[in-house]
Amino acid sequence: MNTERFTSQNNNEDDRPVIEIPKSVVKIGAVALATLGVAGVANALGLFHSPKSPEKGPSPAHQVAQVVEDYSNGIITELPEDTEIHTVTLEEGENPTSVAETAMEEYNEENPENKIDPNEARSSIYETGISMKELYKDETGNTEIRPGTTVNIAIGDINGDGKPSIAITGIEAK
């Protein structure tokens, strides 16, 4: 068993305590610090990137909402070519979200081979519905959407991922 101590304390000529560290302990510490330094530099350079955790971009529903927002703000002037706009007039008890969900269900019945994903659709309807209600409120001053109001609903490959999507693209007072 090694009986060498990691440190020893002696007094120097002025009778002040002095701690002495053996050279073997200093070497071990230097190697440990150098290893940490190399690992830190490698991490900063991105050499420890894990391929198992790919970076995820925005969800398809968020991409749809972004396209619709750009469209409503005039950043883009047209929705993708295959996108159809359906205009629905609200009746008593309906709201923009409910008529968009009904439009999705009708589309899915008519197009069983190319259905809109219901979970993605609900997310994009919700996101676009919120922004269109805010725009409606800003334009009209009305906080309540009443029967007779028209809702524009876009159905098609809105975000360019090759799959059909649905979104609320406008709410207009009668």
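Thr 150 is where I will start, and it sits in strand E4, which covers residues 150-156. Keep in mind that this is a predicted model. Is Thr 150 buried or exposed? Its relative accessibility is 18%, and the cut-off for buried is under 20%, so Thr 150 counts as buried. Leaving out residues up to four places away in sequence, Thr 150 touches two groups of residues: Thr 87, Val 88 and Thr 89, and then Gly 170, Ile 171 and Glu 172.

Staying in strand E4, the next residue to look at is Ala 154. Ala 154 has a relative accessible area of 0%, so it is buried. What does Ala 154 contact, once neighbours within four places in sequence are set aside? The list is Leu 79, Thr 83, Glu 84, Ile 85, Ser 165, Ile 166, Ala 167 and Thr 169. There is also a distance for Ala 154 and Thr 87: their C-alpha atoms are 8.9 Å apart, with the two positions 67 residues apart along the chain. Thr 87, you will recall, is among the residues that Thr 150 touches.

Now the whole chain. The protein has four helices and five strands. Read from the N terminus, the order is β-β-α-α-β-α-α-β-β. Of the 174 residues, 28% are buried. If we take contacts between residues at least 6 apart in sequence, 60% of them join residues at least 24 apart. As for the surface, the protein exposes about 12200 Å², and 51% of that comes from carbon and sulfur atoms.

On to charges. Side chains of opposite charge can pair when their charged atoms come close. How many salt bridges does the structure hold? There are two. One of them is between the side chains of Arg 122 and Glu 101, at 4.0 Å from N to O. Arg 122 belongs to helix H4, residues 118-140, and Glu 101 to helix H3, residues 96-110, so this pair ties together parts that are 21 residues apart in sequence. Arg 122 has a relative accessibility of 39% and counts as partly exposed. Glu 101 is also partly exposed, with a relative accessible area of 23%.

Arg 146 and Glu 144 form a salt bridge as well, and here the closest N and O atoms are 4.0 Å apart. Arg 146 is exposed, at 51% relative accessible area; the cut-off for exposed is over 50%.

Two surface patches remain. Which residues gather in the patch of negative charge on the surface? They are Glu 78, Glu 81, Asp 82 and Glu 84. Asp 82 is in the loop that runs between helix H2, residues 60-72, and strand E3, residues 84-89. With a relative accessible area of 47%, Asp 82 is partly exposed. Glu 84, another member of this patch, was among the contacts of Ala 154.

The other patch is nonpolar. Ile 19, Ile 21 and Val 26 make it, and its area is about 290 Å². Where does Ile 21 lie? Ile 21 is in the loop between strand E2, residues 17-20, and helix H1, residues 23-44.

To recap, strand E4 holds Thr 150 and Ala 154. Thr 150 is buried at 18%, and Ala 154 is buried at 0%. The structure has two salt bridges, one of which joins Arg 122 and Glu 101.

Notes: Residues numbered from 1 in each chain as written. Predicted model: local features only at pLDDT ≥ 70, side-chain atom pairs only at ≥ 80, totals over all residues. Heavy atoms only, no water. Buried < 20%, exposed > 50% of the residue type's maximum accessible area, 1.4 Å probe, protein only. Contact = heavy atoms within 4.5 Å. Patch = residues over 30% accessible without salt bridge, like charges linked within 9 Å, V, L, I, M, F, W, Y side chains within 5 Å. Areas by Shrake-Rupley, 256 points an atom, 1.4 Å probe, with all protein chains shown as cover. Lys, Arg positive; Asp, Glu negative; His and termini not counted. Charge placed at Lys NZ, Arg CZ, Asp CG, Glu CD.
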